[in-house]
Amino acid sequence: MKRDIITIDRGKCNGCGLCVSGCHEGALQLIDGKAVLISELMCDGLGACIGECPEGAITIEHREAEPYDEVHTISKMVANGKNTVIAHLKHLKDYNEKEYLRQGVEWLLANRDKLTFSVDEVLQAVHNHTKDACGCGTSEPKVKPQPMHHHGGGCPGSAVRSFAQANAGAEGMVSGKSELTHWPVQLHLINPHSGHFRGSNLLLAADCVAFSLGNFHSQHLKGKTLAIACPKLDSNKESYVEKITALIDDAQVDTITVMKMEVPCCGGLVQLARMAMEHAKRKVPIKVITVGIQGEILESNWV
């Protein structure tokens, strides 16, 4: 059957293993220093591993593959313990895969006497789990919020941090003048054939970038056309690749600057640009700028 399934570019893979730990289904392993998809049966095609890859080596393609088998997957997964099973079921819940979630829960209930952990604890954790604004999950019960300190668990992109004092006295950061020259700017809404894009220098920015940088307009947007997107929360990313490809081939943009936040889930924006470049007939320089959550430029490189 044809379905979405990941593919790994061995040339880009650096063997860091982050995708392996990010795949709770156990479909990936490090073999001879490279990430390998060892079981199509266990790859759900939802792409949780993509945001973990710092090299953009993992993509999703629609191709012939064995159907995903939830019963096979969870029966192998239980050997890795309760926390892995919980993470897997939360993952299915986040992506609204109700049928797979039902199959997994039914298998756990049918085999609870053979397991070394409490199925009730697993089901309670999954029941309390809700999707947060980052698109990652939280298993905190829905109770009145209390002051909390983040200690490094959960999604690093939604870690609570306060740095108002660190930015005190930075009044000079904001230029006060908009450098935006066109509308719309959301990547789903733009027309890549609009005249303002032709021959321009394109700035492809993650949604959060402009809110983090006080000098975004004066130092980064000035003289460029703009498209914004969120690689974590936006849907139908295939259309993003098509639009960026059209901007390269049809609008013939001169350069693309990708501005992303330092959080792992933002790495998908670079991957979208690279995928478009692979589809495009033309080649244009791509610059990647990584922005820290406190508004500092952490890295700036041509790729």
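Which residue in E10 does Lys260 stand opposite? Lys260 stands opposite Thr290. The views below come from a predicted model, and the tour starts with the sheet that holds this pair.

**View 1. Five strands form an open sheet in the order E8-E7-E9-E10-E11.** The pairing within this sheet is mixed. Look for the two edges: strand E8 (225-229) and strand E11 (297-302) stand there, each with a single partner strand, so one side of each has no neighbour in the sheet. As you step from strand to strand, neighbours are turned by 15 degrees against each other on average, direction ignored. Helix H9 packs on the sheet and touches E7, E8, E9 and E10. The direction of H9 makes about 155 degrees with that of E9.

**View 2. Strand E9 (residues 255-261) pairs with E7 and with E10.** Strand E7 (residues 201-206) runs parallel to E9, and five bridges join the two. Within this pairing, Leu203 has Thr257 of E9 as its bridge partner. Strand E10 (residues 286-291) also pairs with E9 in the parallel sense, here over six bridges. One of the partnerships to look for links Met261 with Val291 of E10. Together, E9, helix H9 (residues 268-279) and E10 make a right-handed β-α-β unit.

**View 3. Both faces of strand E9 are covered.** In a regular strand, side chains alternate between the two faces of the sheet. Try sorting the residues of E9 by face: Thr255, Thr257, Met259 and Met261 belong to one side, while Ile256, Val258 and Lys260 belong to the other, and all of them are buried. Since seven of the seven residues of E9 are buried, the strand is largely enclosed by the rest of the structure.

**View 4. Helix H8 (residues 237-249) is largely enclosed, because ten of its 13 residues are buried.** The buried residues include Tyr240, Val241, Ile244, Leu247 and Ile248. Lys243 and Asp249 are also among them. Which elements cover these residues? The cover includes E7, E8, E9 and H9. You can check the length of the helix too: at 1.5 Å a residue, its 13 residues should span 18 Å, and the end C-alpha atoms are 19 Å apart, which agrees.

**View 5. Helix H4 (residues 98-110) has the buried residues Leu101, Gly104, Trp107 and Leu108.** Seen down the axis of H4, these buried residues fall within an arc of 130 degrees, so they line one face of the helix. They pack against helix H2 (70-77), helix H3 (82-94) and helix H5 (119-128). On the face turned away from this buried side, find the exposed residues Lys98 and Ala110. The expected span for the 13 residues of H4, at 1.5 Å a residue, is 18 Å; its end C-alpha atoms are 18 Å apart, which agrees.

**View 6. Met42 sits in the loop between strand E3 (34-37) and strand E4 (58-64).** Is Met42 buried or exposed? Its relative accessible area is 10%, so Met42 counts as buried, the cut-off being under 20%. Leaving aside neighbours within four places in sequence, the contacts of Met42 are Glu25, Gly26, Ala27, Tyr68, His72, Thr73 and Lys76. Take a closer look at Gly26: Met42 and Gly26 are 16 residues apart in sequence, and their C-alpha atoms are 6.8 Å apart in space.

Definitions and conventions. Residues numbered from 1 in each chain as written. Predicted model: local features only at pLDDT ≥ 70, side-chain atom pairs only at ≥ 80, totals over all residues. Heavy atoms only, no water. Helix = DSSP H or I, 4+ residues; strand = E, 2+ residues; numbered from the N terminus. Buried < 20%, exposed > 50% of the residue type's maximum accessible area, 1.4 Å probe, protein only. Contact = heavy atoms within 4.5 Å. Pairing = 2+ DSSP bridges. Right-handed = clockwise from strand over helix to strand, strands pointing away. Expected span 1.5 Å × (residues − 1). Arc of directions from axis to C-beta. Axes fitted to C-alpha atoms, helices over the stretch in contact; angles between N-to-C directions.
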